[in-house]
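I open this notebook to record what I looked up, one entry at a time. The structure comes first, and my entries follow it.

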Amino acid sequence: MQSRSRLVPVLLVVAAGMLFRAPFLIDAAPYESTMGLIQRIFYYHVPSAMVMFLSAFVCGIASAIYLAKRSPRADAAAVSAAELVVVFGLIVLVTGPIWARKAWGVWWQWDARLTSALVLWLIFVSYLLLRRFAGAGSEMLAAAVGVFGMANVPFVYWSVNVWRTIHPNTNVVASLIPEMRVPFYWCTAAFLLLYVALLLTRIRLEQSRMQLEAAYAEIED
Amino acid sequence: MVGVLVVAACLTASAFAQQSPPAQPPAAVDEFVPMSEAAPREVLPATPLVFYAYGFVWVALLGYVFTIWRRMARVEQDLADVQRRLKDAGAAR
């Protein structure tokens, strides 16, 4: 129990340290030939997208477990992961258009990748709205939305390969030169550590809230 | 016969009147304009955009951490209050 309570602060400190170091590594990476400086947004934009997809999977799997077993722990994990999909998805949907404004000349294009990413984000916003406003029993409906949201992730990921889009395709990461690969994977690791720390903290908050609800119910009895 | 000629003349006159002047070919380029004299194109500086993007990431993450910390503090305080009330109620019985 003590090791678990120490895990989150350690993860947070390591992630924060890595994120502070990241700009120096990014600065040392070469400029991209057509986009120049604006391409540096890539080193935060793509890891945020990867974390968003990961969190959508966590939410979907936890939701499926909740639907099957009605496990409170699975429910806590699902709502925590859904909240993080919204947070990291917001980062993706803001940093992407900032990059696009310079690279493509427009803030937004209704192409397959951008539109499907926005839809995915809206699905998890609706998950949170259901949990917040739909009252007792909304956990089941929200869990179904979580599973549906997880099912959308492969479509979002493969959209750039299947449809003609303005967004770079999935080959970009695999084809990075070593000087760009190092800062990219550094940022990805930092974001993943941060995600795990935030997820564990949010799950603890949700479990405390469930304890509080149980205590209120006991008082009323 | 005269009537036919008049009508034909009128139709021909109206056709000439409606006809638009022949399209003029574009003026040939007669000089090259050096870059310094060309009309300024939009030049969007990348540096502020990169700062805005990175700044937003930090604001979003720190803001979320702050909201979790505040919610956790509120829940833990409420939980402590409720547990104290339950303890008092148990002692009173």
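I began with two helices of chain A in this predicted model, and I noted that α2(A) and α3(A) are roughly antiparallel to each other. The angle at which helix α2 (residues 42–69) of chain A packs with α3(A) is about 155°, and their axes are 7 Å apart; since angles over 145 degrees count as roughly antiparallel, I could follow how the label arises. I also looked up the handedness of the crossing of α2(A) and α3(A), and found that it is left-handed. Sorting the residues in the contact of α2(A) with α3(A) by class, I wrote down 21 nonpolar, 7 polar and 2 charged.

Next I turned to helix α3 of chain A by itself, which covers residues 72–103 and has 32 residues. From its first C-alpha to its last, α3(A) reaches 46 Å, close to the 46 Å expected at 1.5 Å a residue. Just after α3(A) I came to Gly105(A), which takes a positive phi of about 85°.

I then asked how many residues of chain B are in contact with chain A. I found 23 residues of chain B in contact with 26 residues of chain A. On the side of chain B that touches chain A, I listed 17 nonpolar, 2 polar and 4 charged residues.

Last, I checked the confidence scores, and recorded an ipTM of 0.90 and a pTM of 0.83 for the model. For chain B I noted an average pLDDT of 75, with 54% of the residues scoring at least 70. I add a reminder to myself that, where pLDDT is low, predicted coordinates should not be read in detail.

Note on methods. Residues numbered from 1 in each chain as written. Chains lettered and ligands numbered in written order. Predicted model: local features only at pLDDT ≥ 70, side-chain atom pairs only at ≥ 80, totals over all residues. Contact = placed C-beta atoms within 7 Å. Nonpolar A, V, L, I, M, F, W, Y, C, P; charged D, E, K, R; others polar. Helix = DSSP H or I, 4+ residues; strand = E, 2+ residues; numbered from the N terminus. Expected span 1.5 Å × (residues − 1). Axes fitted to C-alpha atoms, helices over the stretch in contact; angles between N-to-C directions. Parallel < 35°, antiparallel > 145°, perpendicular 65-115°, else oblique. Left-handed = near helix turned anticlockwise from the far one by under 90°. pLDDT = per-residue confidence, 0-100.
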